[in-house]
Amino acid sequence: MRVFISVDMEGVAGVATLDQIIRGGTGYPRAQELMTEEANAAVRGAFAGGATEVLVNDSHGTMDNLLHERLDPRARIVFGAPRPSCMVQGITADDAVAVFVGYHAAAGAEGVLAHTFSSNFTEVRVNGQPVTEAEVNGLFASSLGVPVGVLTGDDQICAVATKAFPGVTTVEVKQAHGFSATDTLAPSAARERIEDAVRTAVAGADELRAQPLPDRLDLEIDFALPLGADLAGSVPGSARVAGRTLRAEARDVHELLGFVMSWYYLGMIAAQQHATLASRR
């Protein structure tokens with residue numbers, strides 16, 4: 001039995017500040033350790049629950065954060081960017097269950113370090129409703145028939161996951177006290193809960209069902225900068241519906257995620273250009 005694990009950083013126990021999640025920050029090396037150990041807890045749980053193969057996707061930022069030499073050697077790892085399916089690169093219809101570790105709330109919502117894919121997006125909507133990265137990734141998994149069995153993170157994203165994913169087990173490792181403040185479990189306690197939850201979910205994978213896919217996939221993204229919408233609007237299929245907003249009608253979840261990734265990188269270029277010009281003042 002194969003299990004797919006996507007590991008982000010913002011929702012990891014012991015992580016709450018920008019200094020921790022951005023490469024170069026004094027807290028970043030410690031956050032790498034915390035992220036790696038929560039990944040290991042999920043891997044241990046997966047194998048204990050009956051998995052014969054586990055793939056771990058490094059899903060944070062530049063996507064090269066996990067400490068490979070400290071990762072459970074039974075698991076394979078997908079890392080580096082860009083990649084077409086981003087946080088769910090590597091998931092296949094052969095996976096019995098998907099596990100989302102270290103996830104966080106959506107841009108504009110309450111939650112520790114809340115955002116949706118990029119700080120250059122102020123809101124991401126599917127069919128008119130704001131969505132989290134977990135929900136988009138869950139749709140991708142569902143398109144392959146793979147259910148989301150476990151999600152870990154703060155109280156805010158756990159509440160979202162409970163509504164979005166049928167039968168999901170959530171592991172609340174911390175509570176949001178602001179964008180960069182939290183009340184967290186000790187990392188060791190969080191890992192014990194994650195391992196136990198994944199073991200139970202994998203052992204009962206036959207009882208899980210993938211979430212239903214909507215009949216349509218209308219994507220809208222609000223950009224932080226109008227220049228971001230200018231550049232991203234050049235992607236075929238994109239429609240400018242407001243000064244900072246693009247819309248696209250995706251034929252399937254693969255195409256929807258393709259729009260997100262294309263707009264992500266063009267929005268990043270816009271932010272870099274804006275920062276360069278602003279620094280000249």
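**Exercise 1. Which residue in strand 2 does valine 7 stand opposite? Place this pairing in the surroundings of strand 1.**

Solution. The model examined here is a predicted one. Step one is to read off the pairing itself: valine 7 stands opposite aspartate 58 in strand 2. Step two is to place that pair within its two strands, since strand 1 and strand 2 (residues 53–58) run parallel and are joined by six bridges. Step three turns to strand 4 (residues 95–103), which also runs parallel to strand 1 and is joined to it by six bridges. In strand 4, the bridge partner of valine 7 is valine 101, so that valine 7 has a counterpart in strand 2 and another in strand 4.

**Exercise 2. Determine whether the faces of strand 1 are covered or open, and what follows for the strand as a whole.**

Solution. Begin with the general expectation that side chains in a regular strand alternate between the two faces of the sheet. For strand 1, one side carries Arg2, Phe4 and Ser6, while the other carries Val3, Ile5 and Val7, and all of these are buried, which leaves both faces covered. Because six of the six residues of strand 1 (residues 2–7) are buried, the strand is largely enclosed by the rest of the structure.

**Exercise 3. Identify the salt-bridge partner of arginine 2, and state how far apart in the chain the two residues lie.**

Solution. As background, side chains of opposite charge can pair when their charged atoms come close. The side chain of arginine 2 meets that of aspartate 95 in a salt bridge, with an N to O distance of 2.7 Å. This pair links distant parts of the chain, since arginine 2 belongs to strand 1 and aspartate 95 to strand 4, 93 residues apart. Finally, arginine 2 and aspartate 95 are both buried.

**Exercise 4. Classify the partners in two further salt bridges, Arg216 with Asp218 and Arg247 with Glu249, as buried, partly exposed or exposed.**

Solution. The structure holds 17 salt bridges, and these two are taken one after the other. In the bridge between arginine 216 and aspartate 218, the closest N and O atoms are 2.6 Å apart. Arginine 216 has a relative accessibility of 46% and therefore counts as partly exposed, whereas aspartate 218, at 14%, lies under the 20% limit and so counts as buried. In the second bridge, the side chains of arginine 247 and glutamate 249 meet at 3.2 Å, N to O. Here arginine 247 is partly exposed at 24%, while glutamate 249 is exposed because its 55% is over the 50% limit. Elsewhere, Arg30, Glu33, Glu37 and Arg70 are joined into one network by salt bridges that share partners.

**Exercise 5. Describe the largest pocket by its volume, its lining and the helices that contribute to it.**

Solution. The space in the largest pocket amounts to about 830 Å³. Its lining is made up of 34 residues, and those nearest the centre are Gly61, Phe117, Ser118, Ser119 and Tyr264. The elements that give two or more residues to this lining are helix 1 and helix 7 (253–278), and helix 7 gives the most, with six residues.

**Exercise 6. Which residues form a nonpolar patch on the surface together with Leu18?**

Solution. Leu18 forms this patch with Ile22 and Phe179, and the three have about 290 Å² of accessible area together. Leucine 18 is found in helix 1 (residues 18–21), and a relative accessible area of 46% makes leucine 18 partly exposed.

Conventions
Residues numbered from 1 in each chain as written. Predicted model: local features only at pLDDT ≥ 70, side-chain atom pairs only at ≥ 80, totals over all residues. Heavy atoms only, no water. Buried < 20%, exposed > 50% of the residue type's maximum accessible area, 1.4 Å probe, protein only. Helix = DSSP H or I, 4+ residues; strand = E, 2+ residues; numbered from the N terminus. Pairing = 2+ DSSP bridges. Patch = residues over 30% accessible without salt bridge, like charges linked within 9 Å, V, L, I, M, F, W, Y side chains within 5 Å. Areas by Shrake-Rupley, 256 points an atom, 1.4 Å probe, with all protein chains shown as cover. Salt bridge = Lys/Arg side-chain N within 4 Å of Asp/Glu carboxyl O. 1 Å grid on protein atoms, 1.4 Å probe; cavity = no way out; pocket = protein on both sides within 12 Å on 5 of 7 lines; lining within 4 Å. Points joined across faces, edges and corners; volume = space filled by probe spheres on them.
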